[in-house]
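Biologist: Before I rely on the labels attached to this model, could you take me through how some of them were reached?

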Amino acid sequence: EASTLGKRWIRPDAPSPSEWEAPSFAFAFDIDGVLLHEREPLEGAAQVLALLDHYHIPFILLTNGGGKFERDRVAELNQKLHSNMTTDNFCQSHTPFQELLPEYADKTILVTGSDYEKCRQIMQGYGFRSVVTPGDIFTAKPEVFPFETVGKEMGKPLPKPLWTPPKVVEGETVKGKVLSAEEAEKEEEEKRLGEHLKIDAMFVLNDPRDWALDVQVFMDLLQSKQGYVGTYSEENNRGNWQGDGQPKLFFSNSDLIWAAKYHLPRFGQGAFQHALVGIWKEVTEGKAELKRTSFGKPHRETYEYAEEMLVRHREEWLKSKGYPQKVVRQGLKRVYMVGDNPESDIAGANDYDGKGKYGTEWVSLLVETGVYNELRMNFKEGDVRKADVVRKNVAEAIKWAL
Ligand code: G3P
Ligand code: MG
């Protein structure tokens, strides 16, 4: 079937792959709304992957989805799409979090997402050694969240105890000085702080479920003293927001919407990010921007990661197919990004076009099988969200590219 399609889409006398020159182009596919919809394969998706595989045209999957181990998601996709992918050509939203290992592997990080335990396991699988969740903090001290919507038994014991405000010992003499109530509190706090739980970075792995608890815990830490849970930095009162060693904040994607089962697009992780930003704005009386880093499409970090992955995968894969090293080295010149979301897939590809380490050209192809809606997608010429080409589905998009 793949070679018949090849003869129709490439050229009628398409040579057998062994006589094929190593292609200098490759594809990057979005998943939801391009290859799958409602977890089921979209028309033509499996055929397209088989065709590329047959003609030794490299591709990667580049999704803003997540919440599973890469190897599990790949196995699931291979089963659905009858494909032969490995984790070498698969990048989900949180895959590039591994780049942060040198900084945080030995520190304590907080993670949230669709399932606290799963999120912890994924981050530990990447190599982060000390991972806690908002569920752990709630379990250690349920007063953190005063409403009854949260399940009681959902956390693990924390590596260190939570800090609680010390009893004020007014009148105590320290270093020859009789302390006032305020001084006593400060003295006690400094003395005890280091023994308590300190969070150095916070990660949103995929779309959170317990928004209310997560927002509370995240906001607490963003205002804390050096990331110690349960403290409040006096630097906040001086307008020095996020200036007292608070944990760094990372999101794995900023998709406001995505294509789910309902006939209208549904809110994604981006909506959670906006909720946090909105509350932050109120808390800081609009005086400070929330400092944060977002991975995933359309952000540059993710396209850099994807390009590197594609270059590496292409080289290994083509070598394994018997192409001489010299031919493989000729390198990757162009990537076709096939996506359904102008705000992420398309904007990211357009923005990254020619700007990466390898200078690769990125061509953006929008398909109509996902969040596409004619009324919302009428972008003006020059708008970064405007795709180079729009096609009905993934098969039509590939046909155009070939
Ligand atoms: O949660 C998944 C979603 O935000 C987008 O997935 O594959 O369309 O990038 P994808
Ligand atoms: Mg999509």
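Modeller: What follows is a set of questions about those labels, each answered from the model, which is predicted.

Biologist: How many helices and strands does the protein have, and what box do its C-alpha atoms fill?

Modeller: The protein has 13 helices and 17 strands, and its C-alpha atoms fill a box of roughly 95 × 45 × 40 Å, taken along the principal axes. Of its 402 residues, 41% count as buried.

Biologist: What makes β5 and β17 the edge strands?

Modeller: Six strands form an open sheet with parallel pairing, in the order β5-β4-β1-β15-β16-β17. Within that order β5 (90-91) and β17 (389-391) each pair on one side only, and these are the edge strands.

Biologist: How do you know that β1 and β15 pair, and which residue of β15 stands opposite Ala28?

Modeller: Pairing requires at least two bridges between two strands, and five bridges join β1 (residues 25-29) to β15 (residues 334-339), so the two count as paired, and they run parallel. In this pairing Ala28 stands opposite Met337 of β15. Helix α12 (residues 342-352) packs on the sheet, where it touches β15 and β16 (361-367), and its direction makes about 160° with that of β16. Angles over 145 degrees count as roughly antiparallel, so α12 is roughly antiparallel to β16.

Biologist: Why is α8 called oblique to α9?

Modeller: The axes of α8 (residues 211-222) and α9 (residues 269-283) come within 11 Å and cross at roughly 45°. Angles under 35 degrees would count as roughly parallel and those from 65 to 115 as roughly perpendicular; roughly 45° falls between these ranges, and therefore α8 is oblique to α9. The crossing is right-handed.

Biologist: What kinds of residue make up the contact of α8 with α9?

Modeller: Trp211, Val215, Phe218, Met219 and Leu222 in α8 meet residues of α9 that include Phe272, Leu276 and Trp280. The residues of this contact divide into 11 nonpolar, no polar and no charged.

Biologist: Why is β6 described as largely enclosed by the rest of the structure?

Modeller: A residue counts as buried if 20 or more other C-beta atoms lie within 10 Å of its own. Five of the five residues of β6 (residues 108-112) are buried, and the strand is therefore largely enclosed by the rest of the structure. Both faces are covered, with Thr108, Leu110 and Thr112 buried on one side and Ile109 and Val111 buried on the other. β6 also pairs in the parallel sense with β7 (residues 130-132) over three bridges, and Ile109 stands opposite Val131 in β7.

How values were computed
Residues are numbered from 1 along each chain as its sequence is written. Chains are lettered from A and ligands numbered from 1 in the order in which they are written. This is a predicted model: local features need pLDDT of at least 70, side-chain atom pairs count only at pLDDT 80 or more; totals for chains, interfaces and linings use all residues. Helices (H or I, at least four residues) and strands (E, at least two) are DSSP runs, numbered from the N terminus. Two residues are in contact if their C-beta atoms, placed from the backbone, lie within 7 Å. Axes are lines fitted to C-alpha atoms, for helices over the stretch in contact, and angles run from 0 to 180 degrees between N-to-C directions. A crossing is left-handed if the near helix is turned anticlockwise from the far one by less than a right angle, and right-handed if clockwise. Ala, Val, Leu, Ile, Met, Phe, Trp, Tyr, Cys and Pro count as nonpolar, Asp, Glu, Lys and Arg as charged, and the others, Gly among them, as polar. A residue is buried if 20 or more other C-beta atoms lie within 10 Å of its own, exposed if 12 or fewer, and partly exposed in between; C-beta atoms are placed from the backbone.
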